[in-house]
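The points below are offered as a colleague's note on the model shown here. They take up the surroundings of the ligand and then the packing of the protein.

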Amino acid sequence: MDQIRIRGGKPLNGTINIGGAKNAALPLMAASLMTAETLNLSNLPHLVDISTMVHLLAELGVEISMDGNAPNGGHIGRALNLRAENIPGHTAPYDLVRRMRASILVLGPLVSRFGEARVSLPGGCAIGTRPVDLHLNGLRELGAEIELAEGYIQATAPNGLQGGKIIFPSVSVGATENLLMAACLAKGETTLLNAAREPEVADLAHCLVAMGADISGIGSDTLTIQGVDSLHGADYQVIPDRIETGTYAVAAAITGGDIILKGCGIAQNTAMIDVLRRSGVTVDEVEDGMRVHRTTGALKGVDILTEPYPGFPTDMQAQLMALMATAEGASMITESIFENRFMHVPELCRMGADINVHGASAIVRGVGHLSGAPLMATDLRASVSLVLAGLAAEGETLVSRVYHLDRGYERLEEKLSACGADIERIESK
Ligand code: EPZ
């Protein structure tokens, strides 16, 4: 398994282009199942998770062609043309679903368009049990019959789905996306209450509207969908990745550097930017992006509570913990979304961080400096927090199991070394 070696202590300076959002691209790709016509997606990131979704959709019968090479040999996001004209099978197999939980997003489209779906239960993952009860209860509200057998969800709606009123007891990004897609072809009106407001949900809604869906309330916690008979193809560009944006903003802050992030917006990152500014990092809006720099003074510890959007994103919790570990003073970080998302803590402590976990909260007391060490990545965002800590640490850091990183960060070493980081991938023999 590959490793990443970092020799820390160098301030990062330069420009980083932000890619398309993984967590928008995945539901958008699943939406291709909603029509027999071609959905052309652009600005997709080159990530393992995207390839896994390509594999799953191809397994279902979706014709997929891809291109990702800019005419001048530069680098642009991958373009995918997806056409779900002939979908003989409606099964998402365990072998693929276990690799990526987002595979569950084919459930809503398959049931609503074909009246049946057989999708493996995704199972838990490192950060929690991650049930799918909200997805299934929502589909039942729309008239689907749901059975669980042999580790699979068997959903059927022989007469099609009927519109209904779904009140989510808790905010769920994936359940909102699954039910939003399912409702587009249901008969009548569907209302989703307490819907997730993440920008990736809005991106999916905008794409569905471009495909002929009738959706109102986009961006709010109440989505109203008037079912239509069918959807058509569309061309759609994926929004920038706000978590990649935040991750590289922390890279600038934790190394005392100065980085321009291109192709991203401030608007979708307000909670994260507010935390950075309160800790003493300067974030300025620039043309087509933002400039993040800290050239003087120590950082201050800031308390953080992860919440559904527009609150502070759970996907940035591990990265901010690495930053707070180097700040002056203490920070209390509370993880309210997932029940086991502190696995980066023991690894950061091996670098000299002073962090104590009490239930859903971690008390971080900043230390003067971190020391490089051999570390083990456990999940996507925990892995990148170890890389960030390594960039700031004295000495050498060696991160193993970097396949976690490859699921969500495109050309990470390239983007960081272009800003002066001493970072390289050691490929396993
Ligand atoms: C999406 O996961 C993201 N993944 C996650 O990003 C992100 O952390 C999460 O939303 C929260 O923002 C993608 O978009 C592909 P949820 P999702 O349903 O949809 C519980 C990353 O690092 N829940 O909003 O699976 C669940 O256990 C990944 O890019 C139920 O109880 O998250 C969790 O505690 C990690 N029942 C909470 O809700 C359900 O049926 C929020 O989960 C569904 C969820």
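1. In this predicted model, helix α5 gives the largest share of the shell around the ligand, namely three residues. The elements that contribute two or more residues to the shell are α1 (22-30), α5 (133-141), α6 (173-184) and α12 (380-392).

2. The ligand is surrounded by 21 residues, of which Asp133, Leu134, Ser172, Asp315 and Ile337 come nearest. By class, the shell consists of nine nonpolar, five polar and seven charged residues.

3. Three polar approaches to the ligand deserve attention. An N or O atom in the side chain of Asp133 lies 2.7 Å from a nitrogen atom of the ligand. Asp315 places a polar side-chain atom 2.6 Å from an oxygen atom of the ligand. Val173 takes part through its backbone, with an N or O atom 2.8 Å from an oxygen atom of the ligand. On its own the ligand has 830 Å² of accessible area, and the protein covers 85% of this.

4. The largest nonpolar core comprises 78 residues, and within this core Val106, Leu107 and Leu208 have the most contacts. Helix α6 gives the most to this core, with seven residues. 

5. For Leu208, when neighbours within four places in sequence are left aside, the contacts are Ala31, Met34, Leu180, Met181, Cys184, Ala213, Ile215 and Leu231. A second core, separate from the one above, has 70 residues, among them Ala251, Met321, Val402 and Leu405.

6. Is Thr52, a residue of helix α2 (residues 48-60), buried or exposed? Its relative accessible area is 7%, and Thr52 therefore counts as buried, the cut-off being under 20%. Apart from neighbours within four places in sequence, Thr52 is in contact with Leu96, Arg99 and Met100.

7. Helix α9 (residues 270-278) has Ala271, Met272, Ile273, Val275 and Leu276 as buried residues. Against which elements do the buried residues of α9 pack? Their partners are the helices α8 (242-255) and α10 (317-324), together with the strands β16 (282-286), β17 (289-293) and β18 (304-305). After α9 comes Gly280, which has a positive phi, near 105°.

Definitions and conventions: Residues are numbered from 1 along each chain as its sequence is written. This is a predicted model: local features need pLDDT of at least 70, side-chain atom pairs count only at pLDDT 80 or more; totals for chains, interfaces and linings use all residues. Side-chain values use heavy atoms; hydrogens and water are left out. A residue is near a molecule or strand if one of its heavy atoms lies within 4 Å of it. A polar contact is a pair of N or O atoms within 3.5 Å; within protein, one must be able to donate a hydrogen and the other to accept it, and residues adjacent in sequence count only if both atoms are side-chain atoms. Accessible areas come from the Shrake-Rupley method with a 1.4 Å probe; for residues, only the protein chains shown count as cover. Helices (H or I, at least four residues) and strands (E, at least two) are DSSP runs, numbered from the N terminus. Ala, Val, Leu, Ile, Met, Phe, Trp, Tyr, Cys and Pro count as nonpolar, Asp, Glu, Lys and Arg as charged, and the others, Gly among them, as polar. A nonpolar core is a set of buried Ala, Val, Leu, Ile, Met, Phe, Trp, Tyr and Cys residues joined through side-chain atoms within 4.5 Å. Buried means under 20% relative accessible area, exposed over 50%, partly exposed in between (1.4 Å probe, protein chains only). Contact means heavy atoms within 4.5 Å.
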